[in-house]
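Work through the exercises below with the sequence and the model side by side. Try each task before reading its solution.

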Amino acid sequence: MKKIIVSFLITASLFQFSCVTSWQPVVTYNTAIPDNRLIGTWNSEGQDYIVERVFESAVYKKQKNEPITPLIKKGIKDSILYSKSYIMRYTKDKIEYHFFCSMIKINNEVFMNMIVADITSINNGGDISELHLSQNWLDRLHTYTIARVQFTNTNIIKLDFIDGSFIYDKIKNGRMKLKHESDDLYDTFVITASPNELQQFIQKYGNDDRFFDKENSVTLIRKS
Amino acid sequence: MKRKYWELNHPILRIIQHLGFWVLSFFVFLYLFKTGAKPEKIDYVYTILFQLTLLPTVYINIELLLPKLGNRKRILFYLLSLIVLIILFAWINYNFFDKWSAKVFPDYFFISYFTFREVVLFFTVYIIITMLLKLSKSWFQVSWLQKELLEKEKQKAEVELKALKAQINPHFFFNTLNSIYSMALDKDARLPGTVLQLSELMRYFIYGSKDNFISLEKELIVVNDYIALQKIRSGEQLSVQINKDGEVSEQKIAPLLLITFLENAFKHGAKGSSENTFIRLDIKVERDKLNFVVENNKGIIDEVNIGEYNGLGLENVKRQLELLYPGKHLLNIKDQPDRFTVALQLSL
């Protein structure tokens, strides 16, 4: 249960709203698609977001010799984690968040799953111990957030996050059959369905606007 | 005929059986398909919908395809139809959950949690299970019917046996009374003794032969009495040779079986007018086997003509043997110009 709460809080901190958290990725090795239009510096409501290739990212360079999460593994260069994925980083309250992003195309729409790759404090030269984070703690962040990605043009990207509260409401009311674990005490949940099931769900309901938190859609505008 | 509730094919029991099967199947599926630690409302809905696609598949197979095509001549056509049926409903199942359910139940969200191939496999296994259940039920029904048929055949045989006995006894007495009648005409002095022995035999026939089987020992005593009775009325010209071998203990035999053959021998041989008539009787008893041979020479019959009833005793005893010793007896009747031989081998 502690895993669910921690994962939920960290993931939600990304854009400050209720997004869905999944224990499994929707993007798998065979289905991952790269899209370099994502690379660059983006801004949304005054907040900057930097997207770069995994190989070029600070988190990769840092963790190359010192892997701290199972997401980045030494010697596995031909995995989606390296060649077909991106790192999105942003700073908030003097803490730098690194998200690992992979994309998939379903029904001619692009979907992205994001997972916390690293969290560092910029005050202490990236020393994560200052945040009282341990390897064990980071392992608990191993949950994915899923969003629909719409490239309006090369300079504008719209992210529609899957609405966690809608999904949870449907699950709680016995209207949605999706494997999950819930924490009744904190009223949170995490989806535990397999990547294949997640893909099928998106394939079937990817065009259903009820699934997306339209009010909290994020529009990223390219800065550079 | 009104069927009883506990009979396998009674409509009410049949409905209960089918309901029981589907309820059991429902709960097995429910626990198989549940998404959380315990089944939730959506799992119930999903399981019901999943079963709804299985129902027609199962019933089309067991109520239509199997009875109409499930024989050797049409087996290939049956298998082909079964494959089409499975693929069709697996396709319906897959597409219903994968696509159509969003339109039919817009407020319920589920997908096909199995690939099409898995659904086909699932349906195939389910069809096999229900077919095996159907076949095993049919097997039970066949055994039940066989048992009922055997019971009815047994009852029929018993009725027939009673009728045969009812024919044998008067037949025997009719012949003996004819003999006594002849003795009375001859003013034979042995007549009173003969009547007395006949009285003893009647007691046995009337009271002792009600069961299907009596002890062999008793039957042989009656055989002896019967021979004695016939010897009295036949006089000195009849030679009766009796050879007995073996030990009689607990063996059982159908009553009056041997007497009927003896009666026949006396009727056709001993009472003939020719001289030096003989009857040879060989009785060999083994542990569970009886060899009985009676042989007589033929005389000129001077009995009262009994017309159409002549030979009725032998025919009756043959039928009795068929009913009481099916596959356990060997009867050989040899009718030669000068003699008549009956050889009977019985497994006791």
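**Exercise 1.** How many residues lie between S1(A) and S2(A) in the hairpin, and which residue in the turn has a positive phi?

*Solution.* The coordinates come from a predicted model. Begin with the pairing: strand S1 (residues 40-44) of chain A runs antiparallel to strand S2 (residues 47-53) of chain A, with 5 bridges between them. Within this pair, A:Trp42 is placed opposite A:Tyr49 of S2(A). The hairpin leaves 2 residues between the strands, and A:Glu45 in the turn has a positive phi of about 50 degrees. Finally, follow S1(A) to strand S10 (residues 218-222) of chain A, to which 2 bridges join it in the antiparallel sense; here A:Asn43 faces A:Ile221.

**Exercise 2.** Identify the strand that gives the most to the largest nonpolar core, and trace the contacts of A:Met88.

*Solution.* The largest nonpolar core holds 67 residues, and among those touching the most other members are A:Met88, A:Phe99 and A:Met114. Strand S5 (residues 109-121) of chain A gives the most to this core, namely 7 residues. Once neighbours within four places in sequence are set aside, A:Met88 is in contact with A:Tyr49, A:Val51, A:Phe99, A:Cys101 and A:Met114. A second, separate core has 29 residues, including B:Leu229 and B:Leu346.

**Exercise 3.** Determine what the buried residues of H5(A) pack against.

*Solution.* First list buried residues of helix H5 (residues 195-205) of chain A, which include A:Leu198, A:Phe201 and A:Ile202. Then look for their partners, which are strands S4 (95-106) and S5 of chain A, together with helix H3 (75-104) of chain B.

Key:
Residues are numbered from 1 along each chain as its sequence is written. Chains are lettered from A and ligands numbered from 1 in the order in which they are written. This is a predicted model: local features need pLDDT of at least 70, side-chain atom pairs count only at pLDDT 80 or more; totals for chains, interfaces and linings use all residues. A nonpolar core is a set of buried Ala, Val, Leu, Ile, Met, Phe, Trp, Tyr and Cys residues joined through C-beta atoms within 7 Å. A residue is buried if 20 or more other C-beta atoms lie within 10 Å of its own, exposed if 12 or fewer, and partly exposed in between; C-beta atoms are placed from the backbone. Helices (H or I, at least four residues) and strands (E, at least two) are DSSP runs, numbered from the N terminus. Two residues are in contact if their C-beta atoms, placed from the backbone, lie within 7 Å. Two strands pair if DSSP finds at least two bridges between them.
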